[in-house]
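Please look through the sequence and the structure shown here before reading on. The briefing takes up charged pairs and then a nonpolar area.

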Amino acid sequence: MLQSLTRWARDPALRFGIRATISALLAFSITRVINAPLHGLWAVLPALVVMQTSAGGSIRATTDYVLGTFAGAVYATIVSLIPHNTPRATAAVLALAIAPLAYAAARNPVFRLAPFTALIVLLLAGEFREGPITAASIRLFEVAFGGVVAVAVSLLILPERAHSVGRRQAVIALRGLAELLPTLLSGLGRKADVEQVSVLQRGAGAAITALVQTLSEEEHERFFRLAAVEDLRPLSRTLLRLRHDLVIVGRACAVPLPVVIAARLTPLVAEAGLSISRYMGACAQALDKRQIPPPSETTAVALAACAFEIASMRSEGVTRPLTAGEVEQLFALGFAFEELRRNLADLERSARDWTRV
């Protein structure tokens with residue numbers, strides 16, 4: 001029972017749901033006390049929208065939200081000085097306000113909220129007997145207030161740091177790569193299942209992409225001195241290179257090798273793939289448990305055996321009857337194995353440095 005409750009309390013999705021709910025309710029309660037317009041909508045909305053999985057993500061989203069609101073409010077206030085007492089004039093002023101802000105939002109996502117804010121300031125300012133400057137100031141204050149509430153909740157209620165989120169993403173990525181490699185290498189002896197390979201490729205790629213995006217959230221935490229001492233950047237770079245290596249392996253293993261080559265190389269390649277897969281899984285477990293990862297010598301030996309066999313076949317003239325495409329396939333496979341050997345050594349080093357801290 002206790003273990004079930006512990007797993008339940010550690011569920012990132014559940015923790016996020018609790019933080020988002022508390023953030024929205026807290027902003028709503030405070031705005032009701034101060035009798036904000038529209039039941040505090042413009043404070044409650046950002047308090048919910050900017051809430052992210054990690055504290056760094058909430059800080060980044062709040063910063064973007066406030067900057068976008070500020071840009072839209074200031075520009076709309078300036079444009080509102082143009083008389084627009086008729087529907088046609090109002091439409092012209094709206095176009096003049098939205099077009100440049102939409103362009104800015106397309107160029108820089110920080111401004112994606114600016115057109116929306118400008119629209120609100122121009123159309124609703126008169127509804128509450130507010131001038132454009134007053135309406136813009138109130139909207140900006142409410143948005144900033146909601147963002148502050150969201151950041152405070154992110155830091156104080158079941159806090160989740162970006163490096164913790166990144167660590168989980170690195171574990172998922174490593175396990176995805178570990179599952180993907182043997183499937184790719186099986187294509188050397190027989191035609192691989194294209195659909196299965198595609199699903200595994202997308203899964204591993206999505207996990208690494210999410211990890212790279214988390215790095216920007218970690219940078220925001222570092223700016224506010226909230227980040228842990230562990231640095232995810234070396235580990236993320238290594239995982240990205242390993243992902244590229246497996247892309248090369250997938251292209252080299254898209255079609256089976258010639259029989260004379262496959263008979264000598266396939267058993268060694270299968271052994272190397274199994275060794276690498278087990279090693280990636282062991283590194284994923286070490287990161288998950290914050291333990292020192294195992295050494296990568298066994299994978300280096302297995303890859304060296306494959307490289308030696310390829311070199312031996314070339315020196316014996318076995319590769320001479322091959323077509324240019326088959327020679328290119330063998331060369332790409334050897335290149336991928338060499339890159340894998342280097343990057344697996346980097347994986348051991350970066351994972352060891354991260355877990356040692």
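What follows is a short briefing on salt bridges and on a surface patch, grouped by topic. The structure is a predicted model, and the count of its salt bridges comes to 10. As general background, side chains of opposite charge can pair when their charged atoms come close.

**Salt bridges in helix 13**

- Arginine 342 and glutamate 339 are joined through their side chains by a salt bridge, with a distance of 3.5 Å from N to O; the two residues lie 3 apart in helix 13, which covers residues 324–356, so about one helical turn separates them.
- The partners of this pair are covered to different degrees, because arginine 342 has a relative accessible area of 44% and is partly exposed, whereas glutamate 339, at 19%, counts as buried, the cut-off for buried being under 20%.
- Arginine 349 meets aspartate 346 in another salt bridge, where the N to O distance is 2.0 Å, and these residues are likewise 3 positions apart in helix 13, which places them about one helical turn from each other.
- Arginine 349 itself is partly exposed, with a relative accessible area of 47%.
- Arginine 352 pairs with glutamate 348 in a salt bridge whose closest N and O atoms are 3.3 Å apart; here the spacing in helix 13 is 4 residues, which again amounts to about one helical turn.
- Within this pair, arginine 352 is partly exposed at 23% relative accessibility, while glutamate 348 is buried at 15%.

**A linked network**

- Salt bridges also join into a network, which links Glu338, Glu339, Arg341 and Arg342; the pair of arginine 342 and glutamate 339, described above with its 3.5 Å distance, has both of its residues here.

**A nonpolar patch on the surface**

- Ile18, Ile22, Leu26, Ile30, Val33, Ile34, Phe141 and Leu158 make up a nonpolar patch on the surface, and their accessible area together is about 680 Å².
- Helix 2, which runs over residues 12–33, contributes the most to this nonpolar patch, giving 5 residues.
- Why can isoleucine 30 count as partly exposed? Isoleucine 30, which is found in helix 2, has a relative accessibility of 31%, and this value falls between the limits of 20% and 50% that mark off the partly exposed class.
- Isoleucine 30 also meets the accessibility condition for joining a patch, because its 31% lies over the required 30%.

Conventions:
Residues numbered from 1 in each chain as written. Predicted model: local features only at pLDDT ≥ 70, side-chain atom pairs only at ≥ 80, totals over all residues. Heavy atoms only, no water. Salt bridge = Lys/Arg side-chain N within 4 Å of Asp/Glu carboxyl O. Buried < 20%, exposed > 50% of the residue type's maximum accessible area, 1.4 Å probe, protein only. Patch = residues over 30% accessible without salt bridge, like charges linked within 9 Å, V, L, I, M, F, W, Y side chains within 5 Å. Areas by Shrake-Rupley, 256 points an atom, 1.4 Å probe, with all protein chains shown as cover.
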